[in-house]
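Work through the exercises below with the coordinates open. Each task is followed by a stepwise solution.

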Amino acid sequence: MERIRVMLVEDDPFWRDHISSDLSDEPDIEMIAACATKEEAVETAAKSRIDIVLMDINLTGNNLDGLEAAELILRLPGNDPVKIIMLTSITEAEVVMKSFRLGAMNYINKSSYQDIVHAIREAHHGRAAIHSDAARIMRSEVQLMELTPMEREVFDLRKNGLSKREISEKLHKSTNTIKSQLRSIKNKLTHFKMD
């Protein structure tokens with residue numbers, strides 16, 4: 001049986017030990033390394049044959065250095081490209097989208113821990129469906145691409161609870177202009193509630 005070579009990159013000792021232990025119990029998974037830092041992960045990936053990397057996004061405080069590590073690992077020369085699954089508790093749309101732009105194959109929230117083994121197997125065989133943790137966010141972001149940059153700014157401010165008057169003051173636009181933009185946004189995004 002072919003074993004899937006996995007490297008875990010996780011700074012939290014609890015998660016690192018727990019995930020490593022669980023993955024080591026799987027007969028078709030071989031734990032190559034469990035790294036705690038970006039530097040250790042890139043160095044290990046450069047000298048080891050790895051199929052899948054489970055990458056935490058915040059390795060040092062809130063620096064998003066797991067994204068940097070993923071990008072560096074994906075740029076390493078080699079015959080078999082490694083597949084990266086982001087494993088995190090971050091749910092911000094910008095971070096999810098950036099992960100996929102950098103080349104991540106999947107994005108799983110730590111609260112969906114039970115799905116990791118299945119995601120590893122699917123990614124290894126090139127059949128990775130995007131996990132529901134990321135899919136909902138990605139669908140929304142794709143739909144928001146219909147908005148102009150100004151409409152997106154108005155949308156984000158409205159979503160954050162600002163009134164039409166507060167948005168007009170913040171953007172130095174007339175209230176009528178903001179109302180007009182909100183109507184345009186509403187016409188483009190029928191599934192988003194704007195009021």
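**Exercise 1. A lysine and its partner**

Task: Find the side chain with which the side chain of Lys 38 makes a polar contact, then decide whether Lys 38 is buried or exposed.

Solution.
1. The partner is Glu 68, whose side chain lies 2.8 Å from that of Lys 38 in a polar contact. The model is predicted, and side-chain atom pairs count only at pLDDT 80 or more.
2. Place the lysine: Lys 38 sits in helix 2, residues 38-47.
3. List its contacts beyond four places in sequence: Leu 59, Asp 65, Glu 68 and Ala 69.
4. Compare with the cut-off. Buried means under 20% relative accessible area. Lys 38 has 19%, so Lys 38 is buried.

**Exercise 2. The overall layout**

Task: Describe the fold order, the extent and the surface of the chain.

Solution.
1. Count the elements: 9 helices and 5 strands.
2. Read them in order: β-α-β-α-β-α-β-α-β-α-α-α-α-α.
3. Take the extent along the principal axes. The C-alpha atoms fill a box of roughly 65 × 30 × 30 Å.
4. Check burial: 45% of the 195 residues are buried.
5. Check contact range. Among contacts with a separation of 6 or more, 61% join residues 24 or more positions apart.
6. Take the surface. The accessible area is about 10700 Å², and carbon and sulfur atoms hold 48% of it.
7. Add the charges. There are 27 positive and 32 negative side chains, and the centres of the two sets lie 10 Å apart.

**Exercise 3. The nonpolar cores**

Task: Identify which residues touch the most other members of the largest nonpolar core, and which elements each supply at least two residues of this core.

Solution.
1. The largest core has 30 residues; Met 7, Val 53, Met 55, Ile 73, Met 86 and Tyr 107 touch the most other members.
2. The strands that each supply at least two residues are strand 1 (4-9), strand 2 (29-35), strand 3 (52-55) and strand 4 (83-88). The helices that do so are helix 2, helix 3 (65-74), helix 4 (93-102) and helix 6 (132-144).
3. Helix 4 gives the largest share, 5 residues.
4. Another core of 17 residues lies apart from this one, with Leu 8, Ile 19, Ile 29 and Ile 116 among its members.
5. Return to Tyr 107. Beyond four places in sequence, its contacts include Ile 57, Met 86, Val 95, Phe 100 and His 131.

**Exercise 4. An enclosed helix**

Task: Explain why helix 5 is largely enclosed by the rest of the structure.

Solution.
1. Helix 5 covers residues 116-124, and 7 of its 9 residues are buried, so the rest of the structure largely encloses it.
2. Name them: Ile 116, Val 117, Ala 119, Ile 120, Glu 122, Ala 123 and His 124.
3. Find the packing partners of these buried residues. They are strand 1, helix 1 (13-24), strand 2, strand 3, strand 4 and strand 5 (106-109).
4. Look just past the helix end: Gly 126 takes a positive phi of about 70°.

**Exercise 5. Positive phi outside glycine**

Task: For Leu 64 and His 172, give the phi value, the location and the exposure class.

Solution.
1. Leu 64 is not a glycine, yet its phi is positive, about 55°. Leu 64 lies in the loop between strand 3 and helix 3.
2. Its relative accessible area is 30%, so Leu 64 is partly exposed.
3. His 172 also has a positive phi, near 55°. The loop between helix 8 (164-171) and helix 9 (175-188) holds His 172.
4. The relative accessibility of His 172 is 73%, so His 172 counts as exposed.

Conventions. Residues are numbered from 1 along each chain as its sequence is written. Side-chain values use heavy atoms; hydrogens and water are left out. Helices (H or I, at least four residues) and strands (E, at least two) are DSSP runs, numbered from the N terminus. Buried means under 20% relative accessible area, exposed over 50%, partly exposed in between (1.4 Å probe, protein chains only). Contact means heavy atoms within 4.5 Å. Accessible areas come from the Shrake-Rupley method with a 1.4 Å probe; for residues, only the protein chains shown count as cover. Lys and Arg count as positive and Asp and Glu as negative; His and the chain ends are not counted. The place of a charge is taken as NZ of Lys, CZ of Arg, CG of Asp or CD of Glu. A polar contact is a pair of N or O atoms within 3.5 Å; within protein, one must be able to donate a hydrogen and the other to accept it, and residues adjacent in sequence count only if both atoms are side-chain atoms. A nonpolar core is a set of buried Ala, Val, Leu, Ile, Met, Phe, Trp, Tyr and Cys residues joined through side-chain atoms within 4.5 Å.
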